[in-house]
Amino acid sequence: MDLHRNAEQPANDKEESARNEENGQQDAMTQQSAMPGRAASKKGGGAYKEIVEWIKALVIAVVLVFVIRQFLFSPYIVDGSSMKPNFETDERLIVNKIIYTFKEPQFGDVVVFNVPQQGRKFVKRVIGVPGDTVRLEGDDLYINGEKIEEPYIAEAIAAAKANGGLYNGEGLRYNFPNGSFAETTVPEGTIFALGDNRGDSQDSRSIGFVDQDEIVGRADVIFWPLNKIEFIKHRY
């Protein structure tokens with residue numbers, strides 16, 4: 001009996017071994033079949049994270065653009081001929097909106113300001129600051145009784161004189177003081193602004209002094225068209 005059982009044992013062991021091999025193959029196949037699922041899950045998770053990162057980057061970019069345009073720098077388009085020959089219609093300007101937080105406007109600054117009574121913005125040049133008495137007679141500018149040279153329009157004035165005319169145009173309405181605004185000292189908290197194209201400019205000669213609270217900022221760069229990209233000269 002004992003010999004018989006011992007004789008059968010190897011066969012059982014072989015059978016058990018065969019079963020174990022089959023189970024091992026099945027486990028291996030199960031693991032292999034599960035691997036693509038795990039890889040796909042891992043790949044899907046990576047794509048999701050990448051999308052989230054892109055969304056974060058876009059949100060940050062939008063916030064930065066808003067902050068920059070709202071508080072630091074903003075683009076503006078020149079509309080009209082009032083600042084010729086230095087600025088043309090459809091030129092794009094970068095306006096520095098923060099500069100007057102740290103300093104006051106100065107003679108020669110090219111500024112953009114709101115005109116509340118007209119619901120629009122003007123781009124003009126600062127001519128008078130608080131305490132100045134401004135007088136404009138033809139092409140001659142006087143501040144506090146002293147004649148002031150204006151190099152930013154000197155060539156245009158010379159060309160007009162060569163043709164026997166005035167760059168500032170003819171008639172009382174182009175002068176200051178005029179029939180509407182008497183000569184006076186520029187009040188605190190305001191500026192006196194003129195267009196460079198004096199004969200075709202609506203400015204402080206007609207709208208009066210500009211409240212500094214209405215100044216958007218100083219135009220510092222022409223960035224369009226590309227062939228005219230330059231930093232704007234304010235004081236010569």
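**View A. Buried and exposed residues of helix α2 in the predicted model.** The buried residues of α2 are Ala-156, Ile-157 and Ala-160. They lie on the same side of the helix, because the arc they cover around the axis is only 100°. Glu-155, Lys-161 and Ala-162 are exposed on the other side of α2. After the helix comes Gly-164, which has a positive phi near 80°.

**View B. The largest nonpolar core.** This core has 15 residues, and those that touch the most other members are Ile-127, Val-134, Leu-141, Tyr-167 and Phe-192. At least two residues each come from β5, β6, α2 and β8. Helix α2 gives the largest share, 3 residues.

**View C. Surroundings of Phe-192.** With neighbours within four places in sequence left aside, the contacts of Phe-192 include Arg-125, Val-126, Ile-127 and Gly-128. Val-134, Phe-176 and Val-186 are also in contact with Phe-192, as are Ser-204, Arg-205 and Phe-209. Among these contacts, Ile-127 and Val-134 are listed with Phe-192 as core residues that touch the most other members.

**View D. The loop residue Glu-150.** Glu-150 sits in the loop that lies between β7 (146–148) and α2 (154–162). Its relative accessible area is 6%, under the 20% limit, so Glu-150 counts as buried. The side chain of Glu-150 makes a polar contact of 2.6 Å with the side chain of Tyr-152. A further polar contact, of 2.5 Å, links the side chains of Glu-150 and Arg-198. When residues up to four places away in sequence are not counted, Glu-150 touches Ile-127, Leu-141 and Arg-198. Of these, Ile-127 and Leu-141 are among the core residues that touch the most other members.

**View E. Strand β4 and its partner strands.** Strand β4 spans residues 120–128, and 7 of its 9 residues are buried, so the strand is largely enclosed by the rest of the structure. Strand β3 (residues 110–115) runs antiparallel to β4 and is joined to it by 6 bridges. One bridge pair consists of Asn-114 and Lys-121, the latter in β4. The hairpin of β3 and β4 has 4 residues between the strands, and Gly-119 in this hairpin takes a positive phi near 65°. Strand β8 (residues 190–194) is also antiparallel to β4, with 3 bridges between them. In this pairing, Arg-125 stands opposite Leu-194 of β8.

**View F. The open sheet of β5, β6 and β7.** The 3 strands are arranged in the order β5-β6-β7 and pair in antiparallel fashion. β5 (134–137) and β7 are the edge strands; each has a single partner strand, so one side of each lacks a neighbour in the sheet. On average, neighbouring strands of the sheet are turned by 30° against each other, direction ignored. Between β5 and strand β6 (residues 140–143) there are 4 bridges. Val-134 has Ile-143 in β6 as its bridge partner. Val-134 is also one of the residues of the largest nonpolar core that touch the most other members.

Terms used:
Residues numbered from 1 in each chain as written. Predicted model: local features only at pLDDT ≥ 70, side-chain atom pairs only at ≥ 80, totals over all residues. Heavy atoms only, no water. Buried < 20%, exposed > 50% of the residue type's maximum accessible area, 1.4 Å probe, protein only. Pairing = 2+ DSSP bridges. Polar contact = N/O pair within 3.5 Å; in protein donor to acceptor, adjacent residues only side chain to side chain. Contact = heavy atoms within 4.5 Å. Arc of directions from axis to C-beta. Axes fitted to C-alpha atoms, helices over the stretch in contact; angles between N-to-C directions. Core = buried A, V, L, I, M, F, W, Y, C linked by side-chain atoms within 4.5 Å.
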